[in-house]
Amino acid sequence: ALGALQEKPGNQHVLTLLHTGLTVANLTGDLKAAPSDFTQVALFLQETMAVAVRSDSKFKNARDLVTHLKRDPSDVRFGYLGHHVLLSLAKPLKAAGVDIKRLTLAPFRSSAEAINALIGGFVDVVPASTPNLIGMLASGRVRLLAVSSPARIGGVFASVPTWRGQGFDSSFNSVYGLLLPKGVSSESVQIGRAHI
């Protein structure tokens, strides 16, 4: 789909989804185009991630986790789903000076599987999107160490500090939206937004 957008500049009839995977693929060199190479029509969702531990974990906050990881980055088992979730964890840990190349990572097919592995004691920490954590947080089975957003979020997450609020200069939100080719007129973008 991105190839079609690149091959048809100015064509308002060709569109694709904007998602964090595009940015990650650009950063890793797997994709030679960045989201800025296209025309953004709409941003539907900014997804905040949180870092969860079991309620009986020795890690009480993000500073505890970072201190432990600086001593031994491979000692903590992380369960996760997807590159955007992992990026929400790696970014603040790297900013904190943790050797993220030495982390012990266990990929799962779903956030539910990763969270169940956390509850079962098979992994120590799970970064996940906040909606996936509501049930376990409400039941008291998990404690959240940090949210990835630039500022605290509300609702059941109101008491959860951000990474930045704990002294680590990092924030991250996964994004989903729509892209058109570069060079599409602003009138076409406005028409597209009106029909969403």
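Two strands count as paired if DSSP finds at least two bridges between them. In this predicted model, strand β2 (residues 39-54) and strand β5 run antiparallel and are joined by four bridges. One of the residues involved is alanine 50, whose bridge partner in β5 is alanine 128.

**Overall make-up**

The chain has seven helices and seven strands. Read from the N terminus, the order of elements is α-β-α-β-α-β-α-β-α-β-α-β-β-α. Of its 196 residues, 47% count as buried. The accessible surface comes to about 9900 Å², and carbon and sulfur atoms account for 54% of that surface. Among contacts between residues at least 6 apart in sequence, 71% join residues at least 24 apart.

**Strand β5**

Strand β5 covers residues 126-129 and is buried on both faces. Val126 and Ala128 lie on one side, while Pro127 and Ser129 lie on the other. In a regular strand the side chains alternate between the two faces of the sheet.

**Nonpolar cores**

In soluble globular proteins, nonpolar side chains tend to be buried together. The largest nonpolar core here has 19 residues, and Leu65, Leu69, Phe78, Leu93, Val125 and Trp163 have the most contacts inside it. Elements that each supply at least two residues of this core are β2, α3 (62-71), α4 (83-95) and β6 (142-147). Helix α3 gives the largest share, four residues. Apart from this core lies another, of 18 residues, which includes Ala50, Ala114, Val123 and Val147.

Leucine 93 is among the residues with the most contacts inside the largest core. Beyond its neighbours within four places in sequence, leucine 93 is in contact with Val66, Leu69, Phe78, Val98, Ile100, Leu103 and Trp163.

**Helices α4 and α5**

The two helices are set out below with their buried residues and the glycine that follows each.

| Helix | Buried residues | Following glycine and its phi |
|---|---|---|
| α4 (83-95) | His84, Val85, Leu86, Ser88, Leu89, Ala90, Pro92, Leu93 | glycine 97, positive, near 95 degrees |
| α5 (residues 111-119) | Ser111, Ala114, Ile115, Ala117, Leu118, Ile119 | glycine 121, positive, near 85 degrees |

Helix α4 has 13 residues, which at 1.5 Å a residue should span 18 Å; its end C-alpha atoms are 18 Å apart, so the two values agree. For α5, the cover over its buried residues includes β2, β3 (77-80), β5, α6 (134-138) and β6.

**Leucine 45 and serine 149**

Leucine 45 is in strand β2. Buried means under 20% relative accessible area and exposed means over 50%; leucine 45 has 40% relative accessibility and therefore counts as partly exposed. Its C-alpha atom is separated by 9.2 Å from that of asparagine 173, although the two residues are 128 residues apart along the chain.

Serine 149 sits in the loop between β6 and β7 (173-180). With a relative accessible area of 3%, serine 149 is buried. The side chain of serine 149 reaches the backbone oxygen of alanine 151 at 2.6 Å. Not counting residues up to four places away in sequence, serine 149 touches Thr48, Thr162, Ser171, Phe172 and Asn173.

Technical notes. Residues are numbered from 1 along each chain as its sequence is written. This is a predicted model: local features need pLDDT of at least 70, side-chain atom pairs count only at pLDDT 80 or more; totals for chains, interfaces and linings use all residues. Side-chain values use heavy atoms; hydrogens and water are left out. Buried means under 20% relative accessible area, exposed over 50%, partly exposed in between (1.4 Å probe, protein chains only). A nonpolar core is a set of buried Ala, Val, Leu, Ile, Met, Phe, Trp, Tyr and Cys residues joined through side-chain atoms within 4.5 Å. Contact means heavy atoms within 4.5 Å. A polar contact is a pair of N or O atoms within 3.5 Å; within protein, one must be able to donate a hydrogen and the other to accept it, and residues adjacent in sequence count only if both atoms are side-chain atoms. Accessible areas come from the Shrake-Rupley method with a 1.4 Å probe; for residues, only the protein chains shown count as cover. The expected span of a helix is 1.5 Å times one less than its number of residues.
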